[in-house]
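Dear colleague,

I am handing over the structure below, and after it I set out what was found. Please read the notes with the coordinates open beside them.

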Amino acid sequence: MNAPQRRLALTNALTVDVEDYFQVSALAPLIERTSWDQRECRVERNVERLLDMFGRQNARATFFTLGWVAERYPQLVRRIVAAGHELASHGYGHLRASDQSREEFLQDVRRAKGLLEDLGGQRVLGYRAPSFSIGYGNPWAFDVLLESGYRYSSSVYPVQHDHYGMPDAPRFPYQPRPGLTEIPVTTARVFGRNLPAGGGGYFRLAPYGLSRWAIRRVNRVDQRPAIFYFHPWEIDPGQPRVPGTSLKTRFRHYVNLDKTEPRLAQLLRDFHWGRVDEVFAPHLA
Ligand SMILES: [Zn+2]
């Protein structure tokens, strides 16, 4: 690597939404929540694989962990913390913020924070809403996060998408309330539109070069760190298939599951990766 490239090499933020394949919002209509306890859990071994991979590549990350998962796998929570990663909250029960009342949302985010702090032994600063479900209809969610002691949220994806997205939300960290920073998932601005550049289905379904190009563009043109996310089930081609899914959901959920792990390894080699609370520290002051 030559000198000018090194100067441009920002540390980007790597994030994992720690949930299992049967908790995904797109499959929620087909899976009763009451059946979760009877399902084969694969999240623990998938997160272990990620921890190994991150360790080998010397990458740090933020794990937005479901309270439901933390309660069942306390050792996993401790291993995340012991490996030097940031433990953050994905709520307790993977309900969309937009499907809950203010009071229900408060209970959910408080319960998750308390559990994670007890298990991890560290203060939990960050929260990510399931399916990026803080939007135009529920700005009170930011007040609830602040009341519950969170310092930042990464719950907005400023793109056009049928299940989520606030296409005209700010692309970079902002304070929706004094004391609370929203760190939107990364987009690349191209021809006046925001293209998803921060992972999710796009990372799996589109060619890898597109993600690399978009993150580089944000680092070089916007001169900002990117924030990238994915799920443990996305590196698990052996996960049980949920019957009754639509063609679109099948495509989004199952295509390229076998390619995600090598792709992720490439992403770890192509960029420097760190924890949200460190990469975005200047915005959390
Ligand atoms: Zn989720």
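In this predicted model, the largest nonpolar core holds 69 residues, and L14, F54, F63, F228, L264, L267 and W273 are the ones that touch the most other members. Helix α5 (residues 102-120) gives this core its largest share, 7 residues. Another core lies apart from it and has 11 residues, among them A88, Y152, F280 and L284.

L14 is a convenient residue from which to look around: leaving aside residues up to four places away in sequence, L14 touches F54, A59, R60, A61, T62, F228, F230, L268, W273 and G274. Two of these contacts, F228 and F230, point one way from strand β10 (residues 227-230), while I227 and Y229 point the other way, and all of them are buried. Strand β10 pairs with strand β1 (residues 11-18) in the parallel sense, over 4 bridges, and I227 is the bridge partner of A13.

Both strands also help to cover helix α8 (residues 208-222), whose buried residues lie under a cover that includes β1, β8 (187-190), α7 (201-205), β10, α10 (257-270) and β11 (272-274). The helix has 15 residues and reaches 21 Å from its first C-alpha to its last, close to the 21 Å expected at 1.5 Å a residue. Its buried residues are Y208, S211, A214, I215, V218 and N219; seen down the axis of α8, they fall within an arc of 135°, so they line one face of the helix. The face turned away from that buried side carries L210 and V221, which are exposed. After α8 comes Q223, with a positive phi near 55°.

Turning to the metal site, the zinc ion is coordinated by E19 through OE and by H90 and H94 through NE2, at 2.0 to 2.1 Å. Along the chain these donors follow the spacing E-x70-H-x3-H, and both H90 and H94 are buried.

One further residue may be worth a look, namely D143, which lies in helix α6 (residues 140-147). Is D143 buried or partly exposed? With a relative accessible area of 25%, D143 counts as partly exposed, because the cut-off for buried is under 20% and that for exposed is over 50%. Not counting residues up to four places away in sequence, D143 touches R102 and R177, whereas the C-alpha atoms of D143 and D236, 93 residues apart along the chain, are separated by 36 Å.

With kind regards

Note on methods. Residues are numbered from 1 along each chain as its sequence is written. This is a predicted model: local features need pLDDT of at least 70, side-chain atom pairs count only at pLDDT 80 or more; totals for chains, interfaces and linings use all residues. Side-chain values use heavy atoms; hydrogens and water are left out. Buried means under 20% relative accessible area, exposed over 50%, partly exposed in between (1.4 Å probe, protein chains only). Helices (H or I, at least four residues) and strands (E, at least two) are DSSP runs, numbered from the N terminus. Two strands pair if DSSP finds at least two bridges between them. Contact means heavy atoms within 4.5 Å. Donors are N, O and S atoms within 2.8 Å of the metal (3.2 Å for Na, K and Ca); water is not among the atoms, so sites may look incomplete. A nonpolar core is a set of buried Ala, Val, Leu, Ile, Met, Phe, Trp, Tyr and Cys residues joined through side-chain atoms within 4.5 Å. The expected span of a helix is 1.5 Å times one less than its number of residues. The arc is that of the directions from the helix axis to the C-beta atoms.
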